[in-house]
Amino acid sequence: MLIDPPIDKLIGQVGCKYALVCLVAQRARFLEDKKADYLAQINDNPISYASKEVYNGKVKLAFED
């Protein structure tokens, strides 16, 4: 269960629940593929790490036209 960062604050930063799920899932997949050794080293799972990145403003949502 994701407790930190709070989900309501994450939704406020992204705008809607669907966009939040898509953003965190896409970032978590990237982290799992490219940075798996780093995540194992810090003992964190990709979903939690991606959520923290969104919360801290390191990952932003971008729309394509």
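These legends accompany several close-up views of a predicted model.

**View 1. The whole protein, built from helices.** Welcome to the overview, where the protein shows 4 helices and 0 strands. Reading from the N terminus, the order of elements is α-α-α-α. Along the principal axes, the C-alpha atoms take up a box of roughly 35 × 30 × 15 Å. For 65 residues, a compact globule would be expected to have a radius of gyration near 11 Å, and the 12 Å of the protein agrees with that. Of the contacts with a separation of 6 or more, 53% join residues that are 24 or more positions apart.

**View 2. Surface and charge.** The protein exposes an accessible surface of about 5,000 Å², and carbon and sulfur atoms supply 52% of this area. Buried residues account for 29% of the 65 residues. If you like to look at electrostatics, there are 9 positive and 9 negative side chains to place, with the centres of the two sets 3 Å apart.

**View 3. Helix H4 and its surroundings.** Why is helix H4 described as largely enclosed by the rest of the structure? The reason is that 7 of its 10 residues, in the range 46–55, are buried. These buried residues of H4 are Pro46, Ser48, Tyr49, Ala50, Ser51, Glu53 and Val54. Which helices do they pack against? Their partners are helix H1 (7–14), helix H2 (17–34) and helix H3 (36–42).

**View 4. The two ends of H4.** At the start of the helix, look for Asn45: one of its side-chain oxygens comes to within 3.3 Å of the backbone nitrogen of Ile47. At the other end, H4 is followed by Gly57, which has a positive phi near 85°.

**View 5. Asn43 in the loop before H4.** Asn43 sits in the loop between H3 and H4. Its phi is near 60°, which is a positive value in a residue other than glycine. Most residues other than glycine have a negative phi. Is Asn43 buried or exposed? Its relative accessible area is 71%, so Asn43 is exposed, the cut-off being over 50%.

**View 6. Leu61 in the segment after H4.** Here we follow the chain past H4 to Leu61. With a relative accessible area of 31%, Leu61 is partly exposed, because this value falls between the limits of 20% and 50%. Once neighbours within four places in sequence are set aside, the residues in contact with Leu61 are Val14, Ala19 and Leu23. For a distance to check on screen, try Leu61 and Val24: they are 37 residues apart in sequence, and their C-alpha atoms are 9.8 Å apart in space.

**View 7. Lys60 in the segment after H4.** Lys60 is also found in the segment after H4. Its relative accessibility is 64%, so Lys60 counts as exposed. Val14 appears again in this view: the C-alpha atoms of Lys60 and Val14 are separated by 7.8 Å, although the two residues are 46 residues apart along the chain.

**View 8. Asp33 on helix H2.** The last close-up turns to Asp33, a residue of helix H2. At 61% relative accessibility, Asp33 counts as exposed. How far apart are the C-alpha atoms of Asp33 and Tyr49? They are separated by 14 Å, with the two positions 16 residues apart along the chain. Tyr49 itself is one of the buried residues of H4.

Note on methods. Residues numbered from 1 in each chain as written. Predicted model: local features only at pLDDT ≥ 70, side-chain atom pairs only at ≥ 80, totals over all residues. Heavy atoms only, no water. Rg over C-alpha atoms; globule rule 2.2 N^0.38 Å. Buried < 20%, exposed > 50% of the residue type's maximum accessible area, 1.4 Å probe, protein only. Contact = heavy atoms within 4.5 Å. Areas by Shrake-Rupley, 256 points an atom, 1.4 Å probe, with all protein chains shown as cover. Lys, Arg positive; Asp, Glu negative; His and termini not counted. Charge placed at Lys NZ, Arg CZ, Asp CG, Glu CD. Polar contact = N/O pair within 3.5 Å; in protein donor to acceptor, adjacent residues only side chain to side chain.
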